[in-house]
Amino acid sequence: MTDSEIEMITADLVHDLLKDQHPDLAGLAIREVAGGWDNQQWRLGDELAVRMPRTERAPDLQRKERRWLPVLARRLPLPVPSPVRIGAPSARFPKPWTIMTWVPGEPLDHTSISRGDHAADTLAGFLRALHAEAPAEAPTSSDRGAHPKKCTEGFDHFFQAVALGDTADEVRAVWEDAVAAPEWERPPVWVHGDLHPANVVVSDGTLSGVIDFGDMFAGDPAWDLAAAWVVLPAGAASRFFDTYEHADEGTIRRARGLAALKSLFLMLMGQNGDRGLPGGQPTWGPAGRAALDRVLRGGLM
């Protein structure tokens, strides 16, 4: 991400937009929320959040959330953001924006899970509910959702950009095993698509919510099941898959390889953050390295 791709958004701008379009909410306190990639988020009072698109693709991601989250949220056992108001493009801000419900908790990249068994059961129950067969009109993804063998270019980029030391051969072996795993041959299911520590929240030592559904799509659940290593603490993956119940050996192999891919991505974003590069996220580096260690040491395959 370059500087030119990031829209500059301030609290004054958010306040002015609220005053113009949703004056009944303009008196609520506005607080910037650190992080975010496609959207800059501002907490609005205690129960709401304003999501402001700051990349070219962000408005489409928000439209997807507004269309499908109300459909999915009814059956999900954890809190997720729900759209409550829409902001129209204007002379002050030329893109549509969204007011969502706030999901309480601390993002996992700023805290840790201490109740690993509970978190494994909670995440498995959430994904079991989410991974229902998707309708024909459900969105697809152009940059994720494919079999790992179609993602080798991205893997190679991350693999070469991150210093892996003496674990490089092990990481490569995990990826090659995923590439060799069979395809997902059942009907496409709903997939969050971007489960990593910044997109889950924690309360009382366990998972308490899932956020940022902009990348949701219909496809292979392995993209979400990678969270067994990327999100959960060491030793929790086996319990997670026992509780989830529906993942066969090939799906677990794809999920583990995708967990390695996601871990490398988190490490690279952390590296970029440490260097002060646009889009970098310093807190993602340690989370990614810990996740990669779980992939290599946590087993299952």
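**Figure 1. The whole chain, with its 10 helices and 10 strands.** The radius of gyration is 19 Å, close to the 19 Å that the globule rule gives for 301 residues, so the chain is as compact as a globular protein of that length. Keep in mind throughout that this is a predicted model. Measured out along its principal axes, the C-alpha trace spans about 55 × 40 × 35 Å. Buried residues account for 56% of the 301 residues. Take the contacts between residues at least 6 apart in sequence, and 72% of them join residues at least 24 apart. As for the outside, the accessible surface comes to about 13,200 Å², and 50% of it belongs to carbon and sulfur atoms.

**Figure 2. The largest nonpolar core, a set of 74 residues.** If you want a place to start looking, go for F126, L127, L164, W229, F240 and L264, which touch the most other members of this core. Helix α9 (residues 249-274) supplies the largest share, 11 residues. Apart from this core lies another one, of 15 residues, with I9, V14, L25 and I99 among them.

**Figure 3. A closer look at L264 and what it touches.** Leaving aside residues up to four places away in sequence, L264 is in contact with F155, F158, F159, V162, L164, V171 and L292. L164 turns up here as a partner of L264, and both L164 and L264 are on the list of residues that touch the most other members of the largest core.

**Figure 4. Helix α1 (residues 11-21) and its buried residues.** The buried ones are L13, V14, L17 and L18. They cover an arc of only 135° around the axis, which puts them on the same side of α1. Swing round to the other side of α1 and you find D12, K19 and D20, which are exposed. So what sits over the buried residues? The cover includes four strands: β1 (30-33), β2 (39-44), β3 (48-53) and β5 (97-101). V14, one of the buried residues of α1, is also among the members of the 15-residue core.

**Figure 5. Helix α3 (residues 116-130), mostly covered.** This helix has 15 residues and reaches 21 Å from its first C-alpha to its last, close to the 21 Å expected at 1.5 Å a residue. Of those 15 residues, 11 are buried. They are G116, A119, A120, T122, L123, A124, G125, F126, L127, A129 and L130. F126 and L127 will be familiar from the largest nonpolar core, where they are among the residues touching the most other members. The cover over the buried residues of α3 comes from several elements, including α2 (58-73), β7 (189-191), β9 (206-210), α6, α7 (227-230) and α8 (237-244).

**Figure 6. A222 in helix α6 (residues 222-225).** Relative accessibility here is 0%, so A222 counts as buried. Which residues does A222 touch, not counting those up to four places away in sequence? The partners are T251, R254, A255 and L258. R256 is 34 residues away from A222 in sequence, with the two C-alpha atoms 8.3 Å apart in space. Helix α6 itself is part of what covers the buried residues of α3.

**Figure 7. E133 in the loop between α3 and α4 (152-161).** Exposed as it is, with a relative accessible area of 58%, E133 still has partners from elsewhere in the chain: P187, P188, V189 and W190, not counting residues up to four places away in sequence. E133 and W190 are 57 residues apart along the chain, yet their C-alpha atoms are separated by 6.4 Å.

**Figure 8. Positive phi at D212 and E245, neither of them a glycine.** D212 lies in the loop between β9 and β10 (217-219), with phi near 55°. At 24% relative accessibility, D212 counts as partly exposed. E245 is found in the loop between α8 and α9, where its phi is about 75°. Buried or exposed, then, for E245? With a relative accessible area of 57%, E245 is exposed.

Notes:
Residues numbered from 1 in each chain as written. Predicted model: local features only at pLDDT ≥ 70, side-chain atom pairs only at ≥ 80, totals over all residues. Heavy atoms only, no water. Helix = DSSP H or I, 4+ residues; strand = E, 2+ residues; numbered from the N terminus. Buried < 20%, exposed > 50% of the residue type's maximum accessible area, 1.4 Å probe, protein only. Contact = heavy atoms within 4.5 Å. Core = buried A, V, L, I, M, F, W, Y, C linked by side-chain atoms within 4.5 Å. Arc of directions from axis to C-beta. Expected span 1.5 Å × (residues − 1). Rg over C-alpha atoms; globule rule 2.2 N^0.38 Å. Areas by Shrake-Rupley, 256 points an atom, 1.4 Å probe, with all protein chains shown as cover.
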